[in-house]
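Subject: A structure for you to explore

Hi there,

Here is the structure I promised to pass on to you. Please open it beside this email, so that you can look for each part as you read.

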Amino acid sequence: MAEGIKIIAKNSKAYHDFFIEEKYEAGIALAGTEVKSIRLGNVNLKDSYCIIKDGQLTVHGMHISPYEKGNIFNKDPRRPRQLLMHKREIFKLYGKIKQDGYALVPLSIYLTHARVKLEIGLAKGKKLYDKRESAAKRDAKREIDRTLKSRNA
């Protein structure tokens with residue numbers, strides 16, 4: 001793990017459902033109580049996705065639990081949140097997701113030097129047979145590692 005980076009949450013379902021072609025880092029526009037809640041690890045990326053509309057990149061479906069001591073300052077847990085990237089990067093991504101089968105999927109949320117960042121991936125959907133193939137490769141690798149470990153012991 002790199003210096004000054006603390007991973008808060010990962011979207012493992014994204015790696016199961018998609019082939020990740022490229023990864024990008026984006027900042028998030030958040031309220032103060034949302035940042036406090038994220039620092040406590042109360043965030044879920046499971047069914048979230050990103051869209052580009054009117055030159056703005058937003059993440060939908062990301063659930064940030066309300067901060068316990070936030071009272072009236074708490075925001076809606078599932079509200080769309082704006083992602084912060086350079087405009088040329090957003091237009092580059094927009095051109096790529098207009099291609100057939102591409103989507104923007106949040107992969108992980110982490111803290112880097114006291115800033116909350118979201119890693120998003122340019123992804124292409126997997127078919128059912130691709131998912132089975134990935135599971136078979138993972139099981140085969142696990143079996144190979146197990147046999148090598150037992151031989152060395």
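Below is what I found, starting with the whole protein and moving on to single residues.

**The overall picture**

Please keep in mind that this is a predicted model. The protein has 153 residues, of which 35% count as buried. Its C-alpha trace spans about 60 × 40 × 30 Å along the principal axes. You should find 4 helices and 9 strands. Reading from the N terminus, their order is β-α-β-α-β-β-β-β-β-α-β-β-α.

How much of the contact in the protein links residues 24 or more positions apart? Among contacts with a separation of 6 or more, such pairs account for 69%.

**Strand β9 and its two partners**

A good place to start is strand β9, residues 115-125. On one side of the pairing list is strand β2 (residues 18-28), which runs antiparallel to β9 and is joined to it by 9 bridges. Strand β8 (residues 102-112) is also antiparallel to β9, with 10 bridges between them.

Try finding L122 in β9. E22 stands opposite L122, and L104 stands opposite L122 too.

β8 and β9 form a hairpin, with 2 residues between the strands. H113 sits in that loop, and its phi is near 50°, a positive value in a residue other than glycine. Why point that out? Most residues other than glycine have a negative phi. Is H113 buried or exposed? H113 has a relative accessible area of 62%, and because that is over the 50% cut-off, H113 counts as exposed.

**A second hairpin, β4 and β5**

There is another hairpin to look at, made by β4 and β5, again with 2 residues between the strands. These two strands pair in the antiparallel sense over 5 bridges. To see one pair, look for Y49, whose bridge partner in β5 is H60.

The turn holds D54, which lies in the loop between β4 (49-53) and β5 (56-60). The phi of D54 is positive as well, near 55°. D54 is exposed, with a relative accessible area of 73%.

β5 itself is mostly covered, as 4 of its 5 residues are buried. β5 also pairs with strand β7 (residues 81-84), in the antiparallel sense and over 3 bridges. In that pairing, L57 stands opposite L83 in β7.

**Two buried residues**

Now go back to strand β2, where you will find G27. G27 is buried, because its relative accessible area of 10% is under the 20% cut-off. Which residues does G27 touch, if you do not count those up to four places away in sequence? They are Q82, L83, L84, V116 and K117. You can also relate G27 to H60: they are 33 residues apart in sequence, and 15 Å apart in space from C-alpha to C-alpha.

The other residue is N11, in the loop between β1 (5-10) and α1 (12-17). With 3% relative accessibility, N11 counts as buried. What does the side chain of N11 reach? It reaches the backbone oxygen of L45, at 3.1 Å. L45 is also one of the contacts of N11 once neighbours within four places in sequence are left aside, and the others are K46, S48, V105, P106 and L107.

**A cavity to look for**

Finally, the count of cavities of 30 Å³ or more comes to 1. About 40 Å³ of space lies in the largest cavity. Its lining is made by T33, E34, S37, I64, S65, P66, Y67, N74, K75, D76, P77 and R81. By class, that lining has 4 nonpolar, 4 polar and 4 charged residues. Which element gives the most to the lining? That is helix α2 (residues 32-39), with 3 residues.

If you want a route through the model, begin with L122 in β9 and its opposite residues E22 and L104. Then visit the turns at H113 and D54, and end at the lining of the largest cavity, where T33 is one of the residues.

Enjoy exploring, and write back with any questions!

Best wishes

Terms used
Residues are numbered from 1 along each chain as its sequence is written. This is a predicted model: local features need pLDDT of at least 70, side-chain atom pairs count only at pLDDT 80 or more; totals for chains, interfaces and linings use all residues. Side-chain values use heavy atoms; hydrogens and water are left out. On a 1 Å grid over the protein atoms alone, a cavity is a set of points where a 1.4 Å probe fits but cannot get out, and a pocket is an open set with protein on both sides within 12 Å along at least five of seven lines; lining residues have an atom within 4 Å of a point. Grid points are joined across faces, edges and corners, and a volume is the space filled by probe spheres set on the points. Ala, Val, Leu, Ile, Met, Phe, Trp, Tyr, Cys and Pro count as nonpolar, Asp, Glu, Lys and Arg as charged, and the others, Gly among them, as polar. Buried means under 20% relative accessible area, exposed over 50%, partly exposed in between (1.4 Å probe, protein chains only). A polar contact is a pair of N or O atoms within 3.5 Å; within protein, one must be able to donate a hydrogen and the other to accept it, and residues adjacent in sequence count only if both atoms are side-chain atoms. Contact means heavy atoms within 4.5 Å. Two strands pair if DSSP finds at least two bridges between them.
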